[in-house]
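I'm opening a fresh page for this one. I'll jot down what I look up as I go, starting with the ground rules and then moving from element to element.

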Amino acid sequence: MKFRITHEFSYRYDSAVRLSTQYLRLTPRDTARQKVTGWNLETPGAALRTTDGYGNVLHVLTIDKAVSEISIEAAGTVETSPALDEPSDFTGAPLSPLLFLRPSGLTRVDGPLGAFAEKFRRAVAEHSGLRELAAAINDKHHGGSAADAVHAFIACCRHFGVPARYVSGYAYARKEQNNGVAMHAWAEAWVEQRWRSFDIAHDTPVGEAHIKIAVGADYLDACPVRGVRIGGGAETLLAHAHVEATQQ
C-alpha cells in the first residue's frame, strides 16, 4: 500500500521561551517491509540530522531566540508491503537483542503485573505464547492507551528474559473504522531467532497498514518529540496526525 502522512505539532507558551532544544524522531527509514518515497520536515530554523543509538533518524532543533510558539510539520509518502513482522533492524543498524532486556522506568514489573504474567511463564518461549500474552494484555488494557499496553507487554517479556522493544509509528484505519488517523505504538519481541511484531492495542501482528518511525527501550526513546526549554511558563500542545491511503 502507498500512504501520504502529515503530522503537525504546535507548542504555545504563556510567556517567551528564551532557549529550547527539541529532539525530533519524525522521519521514517526504509526497512524490509516499508520504503520511504518522499519525506520533508519543516521546523522554525535549521535542525541537525543525525542517527541515534537505536538507528532512528534524529533531528535536533535548537532555538536560541525568544519565541512564544514553536510549530513543526512532518509530511511524506511511504510504501509498505503485505509482509507481516519485521525480520531485521533499520537498514545498516543491527543491534543485539540483549540490549532490550534491560529494565527501564516505564517497563518495570510491579506486584499485580508480575502476578498476571506468571500464567504465561512457560508459553513465552514460543511465538504463539507471546501472541497469547499480547491478547491477554489487550483485554486487561481495553480502552487504555496503546503506549500503556505496549509497556505492560514489554515489561512481561523482559521479566521472563525475552528481549522486547517499543516502536512508534503510524497505523492506517479506513475512514469507516477510525477516520483514517493516527499516531500509534506497538512492540517487537525477539523470539525464535527473529523479531516479531505485536500490535497490542489492536491485538494483531504488524502489517501493511503500519508505518514504522522509531524503536527504543520504551516511549521516551522513541517518542516523536521530546525537549527541554528555559522560560515559557505553561505550555499548550496542539497535535494532529493523518494517514491517507493513496493506492492499495
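**Ground rules.** I take helices (H or I, at least four residues) and strands (E, at least two) as DSSP runs, numbered from the N terminus. This is a predicted model, and I use local features only at pLDDT of at least 70 and side-chain atom pairs only at pLDDT 80 or more, while totals for chains, interfaces and linings use all residues. Residues are numbered from 1 along each chain as its sequence is written, and side-chain values use heavy atoms, with hydrogens and water left out.

**Entry 1, serine 81.** I looked up where serine 81 sits, and found it in the loop between β5 (67-80) and α1 (111-117). Is serine 81 buried or exposed? Neither label fits: my cut-offs are under 20% relative accessible area for buried, over 50% for exposed and partly exposed in between (1.4 Å probe, protein chains only). Serine 81 comes out as partly exposed because its relative accessible area is 22%. Next I checked its contacts, meaning heavy atoms within 4.5 Å. Not counting residues up to four places away in sequence, serine 81 touches Arg33, Gly207 and Glu208. I also noted lysine 2: it is 79 residues from serine 81 along the chain, yet their C-alpha atoms are separated by 9.1 Å.

**Entry 2, cysteines.** I searched for disulfides, that is, pairs of cysteine sulfur atoms within 2.5 Å. The count by this rule is 0. Cysteine 157 is in none, and the nearest cysteine sulfur, that of cysteine 156, is 7.1 Å away. Cysteine 157 counts as buried because its relative accessibility is 0%. Cysteine 223 has 2%, so I put it down as buried too.

**Entry 3, helix α2.** I tested the length of α2 (residues 127-140) against its expected span, which is 1.5 Å times one less than its number of residues. Its 14 residues should span 20 Å, and the end C-alpha atoms are 20 Å apart, so the two agree. Among the buried residues of α2 are His127, Leu130, Leu133 and Ile137. What covers them? The cover includes α1, α3 (146-159), β7 (183-191) and β8 (194-198). Leaving aside neighbours within four places in sequence, isoleucine 137 is in contact with Phe116, Ala149, Ala152, Phe153, Cys156 and Ile200.

**Entry 4, helix α3.** The same length test works here: 14 residues should span 20 Å, and the end C-alpha atoms of α3 are 20 Å apart, which agrees. How many residues of α3 are buried? I get 11 of its 14, so I call α3 mostly covered. They include His151, Phe153, Cys156, Cys157 and Arg158. These buried residues pack against α1, α2, β6, β7, β8 and α5 (219-222). After α3 comes glycine 161, with a positive phi near 80°.

**Entry 5, cores.** I count as a nonpolar core a set of buried Ala, Val, Leu, Ile, Met, Phe, Trp, Tyr and Cys residues joined through side-chain atoms within 4.5 Å. The largest has 57 residues, and Leu26, Leu130, Leu133, Ile137, Phe153 and Tyr170 touch the most other members. α3 supplies the largest share of this core, 9 residues. A second, separate core of 8 residues includes Phe100, Val167, Trp195 and Val215.

**Entry 6, the sheet.** My rule is that two strands pair if DSSP finds at least two bridges between them. On that basis 4 strands form an open sheet, ordered β8-β7-β6-β9, with antiparallel pairing. β8 and β9 (210-216) are at the edges with a single partner strand each, so one side of each has no neighbour in the sheet. For angles I fit axes to C-alpha atoms, for helices over the stretch in contact, and read 0 to 180 degrees between N-to-C directions. Direction ignored, neighbouring strands are turned by 35° against each other on average. α2 packs on the sheet, touching β7 and β8, and its direction makes about 25° with that of β8. α3 lies across β6, β7 and β8, at about 10° to β7.

**Entry 7, strand β6.** β6 (residues 164-171) is joined to β9 by 6 bridges and to β7 by 7. Tyrosine 166 has glycine 216 in β9 as its bridge partner, glycine 169 stands opposite lysine 212 in β9, and valine 167 is partnered with tryptophan 186 in β7. Which way do the residues point? Ala164, Tyr166, Ser168 and Tyr170 point one way, and Arg165, Val167, Gly169 and Ala171 the other, all of them buried.
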